[in-house]
Amino acid sequence: MIAVMARYNPFAEHAGMTKVCESKTDRSILEAMAKLEKIGFTSYLLAVPEYNKRMLNEQVPQVKKILSSFSYPYNRRIAGAHGNFSMRDYRCWLETVKEDELARALCRLAQLNQSKVYLFWKKHSS
């Protein structure tokens, strides 16, 4: 939340934080978002699981195909996996994933689509 505030609101700067850098979204994430928009998804609504469930009705194969293009580290993050997670594990996950989990995976993709702002706070000595 503070990262979003830092971009639009000077609150963080008034609190003594300094913007260190802002990360840009990876090209593969942007391409996947564009493909999802072409099949009818709205990018800013992908963070809502209920919206994703409603939109997934007949589009599960297309969404799985779009998500199949990801490799490490994004495949692991989209699947919500921890630990050792290979490309084979990701393909297996994509084949067996249920609609509810696929809707949550689209939420994680929406999070990856956001740029991140990194802040540094240094306590000022009096």
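## Salt bridges, core and surface of a predicted model

Lys19 counts as partly exposed because its relative accessibility is 46%. The structure described here is a predicted model. Lys19 forms a salt bridge with Glu22, and their closest N and O atoms are 3.1 Å apart. Glu22 is likewise placed in the partly exposed class, because its relative accessible area is 26%.

This pair belongs to a total of four salt bridges in the structure. Three of them, including the pair just described, are listed below.

| Salt bridge | Closest N and O atoms |
|---|---|
| Glu22 and Lys19 | 3.1 Å |
| Arg104 and Glu101 | 2.8 Å |
| Glu101 and Arg108 | 2.6 Å |

Glu101, Arg104 and Arg108 are linked in a network of salt bridges. Within helix H8, Arg104 and Glu101 are separated by about one helical turn, because they stand three residues apart. Arg104 is partly exposed, because its relative accessible area is 39%. Glu101 and Arg108, by contrast, are both buried. Side chains of opposite charge can pair when their charged atoms come close.

Helix H8 also takes part in the nonpolar interior. The largest nonpolar core has 28 residues, and those with the most contacts inside it are Leu67, Tyr90 and Leu109. Two or more residues are given to this core by each of helix H3 (27–38), helix H5 (60–67), helix H6 (74–79), helix H7 (87–96) and helix H8 (99–113). H8 supplies the largest share, seven residues. Leaving aside residues up to four places away in sequence, Leu67 touches Ile78, Tyr90, Leu94, Leu102 and Leu109. In soluble globular proteins, nonpolar side chains tend to be buried together.

Nonpolar side chains are found on the surface as well: Val20, Tyr118 and Phe120 make a nonpolar patch of about 320 Å². Phe120 lies in strand E2, which spans residues 116–121. Because its relative accessibility is 48%, Phe120 counts as partly exposed.

Lys122 is located in the segment after E2. Lys122 counts as exposed because its relative accessibility is 56%. The C-alpha atoms of Lys122 and Ala15 are separated by 9.7 Å, although these residues are 107 residues apart along the chain.

Two cysteines may be noted in closing. Cys21 is partly exposed because its relative accessibility is 38%, and Cys92 is partly exposed because its relative accessible area is 42%. A search of the whole structure finds zero disulfides.

Terms used
Residues are numbered from 1 along each chain as its sequence is written. This is a predicted model: local features need pLDDT of at least 70, side-chain atom pairs count only at pLDDT 80 or more; totals for chains, interfaces and linings use all residues. Side-chain values use heavy atoms; hydrogens and water are left out. Patches are made of residues with over 30% relative accessible area and no salt bridge: like charges are joined within 9 Å, nonpolar side chains (Val, Leu, Ile, Met, Phe, Trp, Tyr) within 5 Å. Accessible areas come from the Shrake-Rupley method with a 1.4 Å probe; for residues, only the protein chains shown count as cover. Helices (H or I, at least four residues) and strands (E, at least two) are DSSP runs, numbered from the N terminus. Buried means under 20% relative accessible area, exposed over 50%, partly exposed in between (1.4 Å probe, protein chains only). A disulfide is a pair of cysteine sulfur atoms within 2.5 Å. A nonpolar core is a set of buried Ala, Val, Leu, Ile, Met, Phe, Trp, Tyr and Cys residues joined through side-chain atoms within 4.5 Å. Contact means heavy atoms within 4.5 Å.
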